[in-house]
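Me: Could you walk me through reading a fold? I'd like to start with the sheet and then look at a helix.

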Amino acid sequence: MRILVTGAEGQLGRELLHTAPTSHEVTAYGRAELDITDVDGVESEIARRKPDLIVNTAAFTAVDRAEQESELAFSINAEGARNVSRAAMAHGARLIHISTDFVFDGARGRPYQPDDPPNPQSAYGASKRRGEEYVSEETGGSALILRTAWLYSRFGSNFVTAVLQRMSDGRPLRIVADQVGTPTWARGLAEAIWRAATVTQLQGLHHWTDAGVASWYDFAVAIQEEALSCGLLRQPVEIRPTTTSDYPTPARRPPYSVLDKSITWSGLAIQPPHWRAALRSMLLELGEAKDV
Ligand SMILES: NC(=O)c1ccc[n+]([C@@H]2O[C@H](COP(=O)([O-])OP(=O)(O)OC[C@H]3O[C@@H](n4cnc5c(N)ncnc54)[C@H](OP(=O)(O)O)[C@@H]3O)[C@@H](O)[C@H]2O)c1
């Protein structure tokens, strides 16, 4: 199978390349090689490569910046996704597109099913939702749209790497405790994508995160405990819980965005680890990479 990955220099893109099955020909496109907002470039590259499958991980992911730069966010997350879908359909490629828990408002207080009504509260969430709609329309529902959440990886900057840096600098932290979701190692998502690509034919809207539930505060405490126990940190710092209202950000975030993954987990026949076990594995790997 010929597989084309967009956004290949992002954290999920890099995890996909790290875990790519050797039996397939995977071509990685960073933004410089393929800008998904360039409609002609997307069309001609997909026409030239004729992939069997495209995995679209390219996105504008700066959630707060998207409030000021919503036009750019929509041009990448919505129109860019539409460009990729159109070219995929025109050249007979299957599409796996990645979306987000931020399409929900977080007011339900129970895990979201894929068919629950979206109600994005931020420009980023709205741009990703529009992207989902375009992908679904352009592909007649044949694309797999995988919503995920709270991604981290040793590649790139994310909550885990940012918090670890502050802890290493000995700086105390105040972290919101009233936003709840599921931390997800991009490695597990990458493996799920490869399984969806090669083993099953899932279509339509699906959810994927690691197992379990946490607030950002719980997540930060776990990062510190695990980093201390695997030797990535020498000294703990004080971590204090705070509230969203005491820590306002330009973008509104869902207070509760846990996704119900049961259909996807059984469709892929994978039971992902609890987020804390995944975090431990990622930190151990980070420690080994630092030792090299
Ligand atoms: N990170 C999360 O917590 C999270 C949560 C839920 C869902 N998601 C979704 O998961 C997917 C992967 O996210 P990620 O965390 O891997 O994001 P990421 O690390 O920010 O990677 C996204 C990549 O897309 C590239 N990109 C931006 N604009 C592009 C364009 N016009 N054409 C081609 N490439 C472009 C970025 O390049 P530049 O760096 O040059 O801009 C970056 O390399 C995205 O769809 C995201 O919306 C992420």
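Reply: Here is a short tour of the sheet and one helix. It's a predicted model, where local features need pLDDT of at least 70, side-chain atom pairs count only at pLDDT 80 or more, and totals for chains, interfaces and linings use all residues. Residues are numbered from 1 along each chain as its sequence is written, and side-chain values use heavy atoms, leaving out hydrogens and water.

Me: In what order do the strands of the open sheet come?

Reply: Strands of a sheet pair through backbone hydrogen bonds, either parallel or antiparallel. Here 6 strands line up as β2-β1-β3-β4-β5-β10, with parallel pairing. Strands (E, at least two residues) and helices (H or I, at least four) are DSSP runs numbered from the N terminus, and two strands pair if DSSP finds at least two bridges between them. At the edges sit β2 (25-29) and β10, each pairing on one side only.

Me: How many bridges join β5 to β10?

Reply: There are 4. For one residue's partner, take Ile145: its bridge partner in β10 is Leu205.

Me: And which strands does α7 touch?

Reply: Contact means heavy atoms within 4.5 Å. Helix α7 (residues 186-198) packs on the sheet, touching β1, β2, β3, β4 and β5.

Me: What do the buried residues of α5 pack against?

Reply: Buried means under 20% relative accessible area, exposed over 50%, partly exposed in between (1.4 Å probe, protein chains only). In α5 (residues 123-138), the buried set includes Tyr124, Arg129 and Val135. The buried residues of α5 pack against α3 (65-68), α4 (70-90), β4 (94-100), β5 (144-148) and β10 (204-207). After α5 comes Gly140, with a positive phi near 60 degrees.

Definitions and conventions. Expected span 1.5 Å × (residues − 1). Axes fitted to C-alpha atoms, helices over the stretch in contact; angles between N-to-C directions.
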